[in-house]
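Reader: I'd like a quick tour of this protein before I go back to the bench. Can you walk me through it in plain words?

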Amino acid sequence: MKKAITMSLIFVSIILSGCNSKKLSDAEFTNLTPAEIKMGNFTYLMTDEVLTTDEVEEQIGKVTQIQEMVSYSEDQNPYKNPSEIFKVKDTSVEKAIAIQVNDKLYIANIDK
């Protein structure tokens with residue numbers, strides 16, 4: 001009986017821990033002009049339009065790979081530290097996303 005209770009508690013804790021985890025999509029960032037973000041089957045082109053934190057929703061991805069196609073000097077690199085990717089409020093991810101670069105959020109539109 002103790003074994004059954006222990007196994008039940010382990011099973012329930014595994015199920016509950018799975019419910020709390022949020023899977024973020026991995027993205028590749030290429031520093032062309034405009035910069036490209038590839039996430040899943042989509043390619044987005046970054047714009048210079050800055051968004052506020054009120055204009056984005058939850059984080060949906062993170063930059064896990066950076067391809068540097070253009071060499072910039074350290075103080076001239078406009079694409080230092082791309083990191084998190086967010087859903088834009090009232091916009092489908094099939095149209096646009098927001099990407100955090102150098103502590104600012106930029107909109108990136110789908111490449112057609």
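**A barrel and its inner strands**

Author: Let's start with strand S6, residues 96-101: five of its six residues are buried (under 20% relative accessible area; exposed is over 50%, partly exposed in between, with a 1.4 Å probe and protein chains only). So S6 is largely enclosed by the rest of the structure. Strands here are DSSP runs of E with at least two residues, helices are runs of H or I with at least four, and both are numbered from the N terminus. This is a predicted model, where local features need pLDDT of at least 70 and side-chain atom pairs count only at pLDDT 80 or more, while totals for chains, interfaces and linings use all residues. Residues are numbered from 1 along each chain as its sequence is written, and side-chain values use heavy atoms, with hydrogens and water left out.

Reader: What is the mean pLDDT of the chain?

Author: pLDDT is the predictor's confidence in each residue, from 0 to 100. In this chain, 80% of the residues reach 70 or more, and the mean is 86. One stretch to watch has pLDDT below 50 and, beyond near neighbours in sequence, zero contacts (heavy atoms within 4.5 Å) in the model: residues 11-20. Where pLDDT is low, the predicted coordinates should not be read in detail. For the chain, then, the mean pLDDT is 86.

Reader: In what order do the strands of the closed barrel run?

Author: The chain has one helix and seven strands, and from the N terminus on the elements go α-β-β-β-β-β-β-β. Strands count as paired if DSSP finds at least two bridges between them. Seven strands close into a barrel with mixed pairing, in the order S1-S2-S3-S7-S6-S5-S4.

Reader: And how much does the twist average from one strand to the next?

Author: For angles, axes are lines fitted to C-alpha atoms (for helices, over the stretch in contact), and the angles run from 0 to 180 degrees between N-to-C directions. From one strand to the next, the twist averages 40°.

Reader: How many bridges join S6 to strand S7?

Author: On one side, S6 runs antiparallel to strand S5 (residues 82-88), with three bridges; there Pro82 faces Val101. On the other side is S7 (residues 104-110), also antiparallel to S6. Gln100 stands opposite Leu105 in S7, and Ile97 has Ala108 as its bridge partner. The number of bridges between S6 and S7 is six.

Reader: Which residue takes a positive phi in the hairpin of S6 and S7?

Author: That hairpin has two residues between its strands. The phi in question is near 50°, and the residue is Asn102.

Reader: Is Ile97 buried or exposed?

Author: Ile97 lies in strand S6. Leaving aside neighbours within four places in sequence, its contacts include Ile37, Met39, Tyr44, Ile60, Ile85 and Tyr106. Its C-alpha atom is 9.0 Å from that of Met46, 51 residues away along the chain. Since its relative accessibility is 0%, Ile97 counts as buried.

Reader: How many residues of S5 are buried?

Author: S5 pairs with strand S4 (residues 56-67) in the antiparallel sense over four bridges. In that pairing, Lys62 stands opposite Glu84. S5 is largely enclosed by the rest of the structure because the buried ones among its seven residues number five.

Reader: Which residue has its backbone nitrogen 2.6 Å from a polar atom of the Asn31 side chain?

Author: Asn31 is in the loop between strand S1 (25-30) and strand S2 (36-39), yet at 3% relative accessibility it counts as buried. Beyond four places in sequence, it is in contact with residues including Gln67, Tyr72 and Tyr79. The backbone nitrogen at 2.6 Å belongs to Met69.

Reader: Which side chain does Ser92 make a polar contact with?

Author: Ser92 is in the loop between S5 and S6, and at 28% relative accessibility it counts as partly exposed. A polar contact is a pair of N or O atoms within 3.5 Å; within protein, one must be able to donate a hydrogen and the other to accept it, and residues adjacent in sequence count only if both atoms are side-chain atoms. At 2.4 Å, the partner of the Ser92 side chain is the side chain of Glu94.
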